[in-house]
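Some labels on this model deserve a reason. The questions below ask for the rule behind each label and the value that meets it.

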Amino acid sequence: MLADRERKLLRILYNYSAGRRRLPTMKELEIKMGRSVTDIKAGLLALEKDNYILWDNKSDTRHIVIIEGWDRDQKIITPPGAANRYYTEY
């Protein structure tokens with residue numbers, strides 16, 4: 001289970017890359033997270049250690065490769081028949 005800082009950072013990276021087709025800069029991460037650069041780098045290193053991201057060239061955030069964009073331990077509960085009900089009712 002990821003800590004709050006790492007979970008938020010991973011979601012920002014994933015959603016930013018999906019929506020804008022690029023990764024956020026360190027300055028953009030500072031604004032989004034409301035934390036310092038050293039705190040963000042510690043979170044990125046923790047994500048790399050847990051194999052959520054690859055960050056070989058640590059000079060910039062654009063070199064990050066996202067392996068998994070969500071917490072592995074997160075359980076998504078879908079009620080039985082929810083998908084079928086959506087297509088038949090709407």
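**Labels and their cut-offs**

A nonpolar surface patch of about 240 Å² is formed by Leu54, Val65 and Ile67. This is a predicted model, in which local features need pLDDT of at least 70 and side-chain atom pairs count only at pLDDT 80 or more, while totals for chains, interfaces and linings use all residues. Residues are numbered from 1 along each chain as its sequence is written, and side-chain values use heavy atoms, with hydrogens and water left out.

Q: What makes Leu54, Val65 and Ile67 a nonpolar patch?
A: A patch takes residues with over 30% relative accessible area and no salt bridge; nonpolar side chains (Val, Leu, Ile, Met, Phe, Trp, Tyr) are joined within 5 Å, and like charges within 9 Å. Accessible areas come from the Shrake-Rupley method with a 1.4 Å probe, and for residues only the protein chains shown count as cover. Val65, at 45% relative accessibility, is over that 30% limit.

Q: Why does Val65 count as partly exposed?
A: Buried means under 20% relative accessible area, exposed means over 50%, and partly exposed lies in between (1.4 Å probe, protein chains only). Val65 has 45%, so the label is partly exposed.

Q: What makes Glu6 and Arg5 a salt bridge?
A: The rule asks for a side-chain nitrogen of Lys or Arg within 4 Å of a carboxyl oxygen of Asp or Glu. The closest N and O atoms of Glu6 and Arg5 are 2.9 Å apart, so the pair qualifies. Glu6 is buried at 7%, whereas Arg5 is partly exposed at 23%. By this rule the count comes to 10 salt bridges.

Q: Which residues are linked with Arg5 and Glu6 in a network of salt bridges?
A: Arg35 and Asp39 belong to that network. Their side chains meet at 2.7 Å, N to O.

Q: How do you know that Asp71 and Arg7 form a salt bridge, and what does the pair tie together?
A: Their closest N and O atoms are 3.7 Å apart, so the 4 Å limit is met. Asp71 lies in the loop between β2 and α4 (82–89) and Arg7 in helix α1 (residues 4–20), so the pair ties together parts that are 64 residues apart in sequence. Helices (H or I, at least four residues) and strands (E, at least two) are DSSP runs, numbered from the N terminus.

Q: Why is Asp71 called buried?
A: Its relative accessible area is 4%, so Asp71 falls under the buried limit.
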